[in-house]
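This report takes up two topics in turn. The DNA contacts come before the helix packing.

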Protein chains: 2
Amino acid sequence: MAAKKHSEASGTGLSKQRVVAEAMRLADREGVDGLSMRRLAGALGAGAMSLYHYVASKEELLDAMIDVVFGEIELAPVDTDWQSAMRQRAVSTRQVLARHPWAIGLLESRTSPGPANLRHHEAVTACLRRAGFPVLMATHANWLLDSYVYGFALQEASLPFDTAEEFADMGEEVYLPQLPPDEFPYLNESAAALVAAGYDPAEEFTFGLDLILAALEPLRVSA
Amino acid sequence: MAAKKHSEASGTGLSKQRVVAEAMRLADREGVDGLSMRRLAGALGAGAMSLYHYVASKEELLDAMIDVVFGEIELAPVDTDWQSAMRQRAVSTRQVLARHPWAIGLLESRTSPGPANLRHHEAVTACLRRAGFPVLMATHANWLLDSYVYGFALQEASLPFDTAEEFADMGEEVYLPQLPPDEFPYLNESAAALVAAGYDPAEEFTFGLDLILAALEPLRVSA
DNA sequence: CCGTACACCGTACGACGTACGCTGTACGTA
DNA sequence: TACGTACAGCGTACGTCGTACGGTGTACGG
């Protein structure tokens, strides 16, 4: 038949980067379950099997996608106090994970960290050590902060709404009716208070984050 | 042909409970990817389509599995101080999620909480409110604690080892060689310290948990 | 002008979720 | 006793998935 010099639809020629980038776009738009090699190839104007010249398997593709996600996280800046630095990178992490919700579910199954992941960890550890945390304490702080950020992103991803207004709408129409007040009195109280006060995930996030940062502060050893 | 009175292999007759329980066993043993309707049916001595008399779809099956997981978590006891109660249920949650690692990855995609999940949330909120946390503060505490627990479980699930000894073995043989000391000086320092000190996920967990609980203490309003 | 390498593709296989329609049995009613 | 209905479970089939394998045309070094 006729293979052209290079594929023509949407760009000239494939590459691992282009494949991974398009895969992320697809996953962002349709979720991980909507990402198949065939659909991905289609979006790139290529045949399914062509992708295997750039990734060894779908697993490897997913690993690569995860590492790009880590690459999107802003590294901790070095010219401020440790709390600001950690807050900044935590906020950035949350934003990135909210932008790519599929990434969180993938973290569980992928066991070996990619280069961007390692760089990120190195930068955070460096910041904590330089701030005066002893080695093991820096590890503790790392686990604590990461747990909070990932866990928050996980919970946020499973919320059926994105904004405060959406929540107000849904809360009254969908949630409350499902909660018999006699069986769930406290949940009803909370839900009502939240609808009244308005709800912003970003504020919720910084509350816990600042609390953790403050609690870590006295565990440093130098000034 | 011949349909027997009831299916005969491994028990007499199916039921949603039996289907869900066997699905969890299968997922525990082989991971979520190893759980297919056909394999599950096989394990139950039934045909694939028979399962659809008890669950409307695989999605519903997964939802049911998640809710059973929440049901396995010990509710917060009511006869102790709030910190002990919260610590206990957090520890139980971690144990349960470590026993069913697939559950964590599933949380991301399932948006409406099952009854066991609701009961769990109600119990936790009740405990916090009774301990003197104002309504919105109880919500904050809830998010904070859950984020930590889920995030920790998520990180733990993606570790390639389960015990401290395994870590010591792997750390020296697999991890360190991958980390060029000039590029990742701090990670090397941490890894070395961890191998030397020994590493126990359970201890790591309680460190962060106790830190969070202590930091929440002054936010109560009554004694 | 030829040979080799490369980029890409078509086909095929086994496994997946599940729609649809069929069985044989149990049991209430006459 | 005979029959009707309901139900538990199954067989087959369709479209999709990941991917092994073996092409095929073009580019380029000799």
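Which side chain has an N or O atom 3.0 Å from a phosphate oxygen of DNA strand C? The side chain is that of B:Ser36. The model is a predicted one, and the values below are computed from it.

**DNA strand C**

Around DNA strand C there are 22 residues. The nearest are A:Ser50, A:His53, A:Tyr54, B:Arg38 and B:Lys58. Both chains A and B are thus named among the nearest residues. Of the atoms of DNA strand C within 4 Å of the protein, 52% belong to sugar and phosphate.

Chain B supplies several phosphate contacts. B:Ser36 reaches a phosphate oxygen of the strand through its side chain. B:Met37 does so through a polar backbone atom, at 2.9 Å. B:Tyr52 places a polar side-chain atom 2.7 Å from a phosphate oxygen of DNA strand C.

Helix H2 of chain B, residues 37-43, gives the most to this surface, with 3 residues. By class, the surface near DNA strand C holds 10 nonpolar, 7 polar and 5 charged residues.

**DNA strand D**

DNA strand D has 20 residues around it. Here A:Arg38, A:Lys58, B:Ser50, B:His53 and B:Tyr54 come nearest. Sugar or phosphate accounts for 53% of the strand's atoms within 4 Å of the protein, and bases make up the rest.

Phosphate contacts to this strand come from chain A as well as chain B. The side chain of A:Ser36 has an N or O atom 3.0 Å from a phosphate oxygen of DNA strand D. B:Gly47 uses a polar backbone atom, 2.6 Å from a phosphate oxygen. For B:Ser50, a side-chain N or O atom lies 2.3 Å from a phosphate oxygen of DNA strand D.

Helix H2 of chain A, residues 37-43, contributes the largest share of the surface near DNA strand D, 3 residues. That surface divides into 10 nonpolar, 6 polar and 4 charged residues.

The phosphate contacts are listed together here.

| Residue | DNA strand | Atom of the residue | Distance to a phosphate oxygen |
|---|---|---|---|
| B:Ser36 | DNA strand C | side-chain N or O | 3.0 Å |
| B:Met37 | DNA strand C | polar backbone atom | 2.9 Å |
| B:Tyr52 | DNA strand C | polar side-chain atom | 2.7 Å |
| A:Ser36 | DNA strand D | side-chain N or O | 3.0 Å |
| B:Gly47 | DNA strand D | polar backbone atom | 2.6 Å |
| B:Ser50 | DNA strand D | side-chain N or O | 2.3 Å |

**Helix packing**

Two packed helices are described by the angle between their axes and the distance between the axes.

At what angle do H7(A) and H7(B) pack? The angle is about 105°, with the axes 6 Å apart. That makes H7(A) roughly perpendicular to H7(B). Residues that meet across this contact include A:Trp143, A:Tyr148 and A:Phe152 of H7(A) and B:Trp143, B:Tyr148 and B:Phe152 of H7(B). The contact of H7(A) with H7(B) comprises 12 nonpolar, 6 polar and 4 charged residues.

Within chain B, helix H4 (residues 82-99) packs on helix H7 (residues 135-157) at about 30°, with axes 10 Å apart. H4(B) and H7(B) are therefore roughly parallel. Their crossing is right-handed. H4(B) brings B:Met86, B:Ala90 and B:Leu97, among others, and H7(B) brings residues including B:Leu145, B:Val149 and B:Ala153. The contact of H4(B) with H7(B) has 8 nonpolar, 1 polar and 4 charged residues.

Within chain A, H7(A) and helix H10 (residues 201-216) cross at roughly 170°, and their axes come within 11 Å. H7(A) and H10(A) are therefore roughly antiparallel. This crossing is right-handed. Among the contact residues are A:Leu144, A:Val149 and A:Phe152 of H7(A), and A:Phe205, A:Leu209 and A:Ile212 of H10(A). By class, the contact of H7(A) with H10(A) has 12 nonpolar, 1 polar and 2 charged residues.

Note on methods: Residues numbered from 1 in each chain as written. Chains lettered and ligands numbered in written order. Predicted model: local features only at pLDDT ≥ 70, side-chain atom pairs only at ≥ 80, totals over all residues. Heavy atoms only, no water. Near = heavy atom within 4 Å. Polar contact = N/O pair within 3.5 Å; in protein donor to acceptor, adjacent residues only side chain to side chain. Helix = DSSP H or I, 4+ residues; strand = E, 2+ residues; numbered from the N terminus. Nonpolar A, V, L, I, M, F, W, Y, C, P; charged D, E, K, R; others polar. Axes fitted to C-alpha atoms, helices over the stretch in contact; angles between N-to-C directions. Parallel < 35°, antiparallel > 145°, perpendicular 65-115°, else oblique. Left-handed = near helix turned anticlockwise from the far one by under 90°. Contact = heavy atoms within 4.5 Å.
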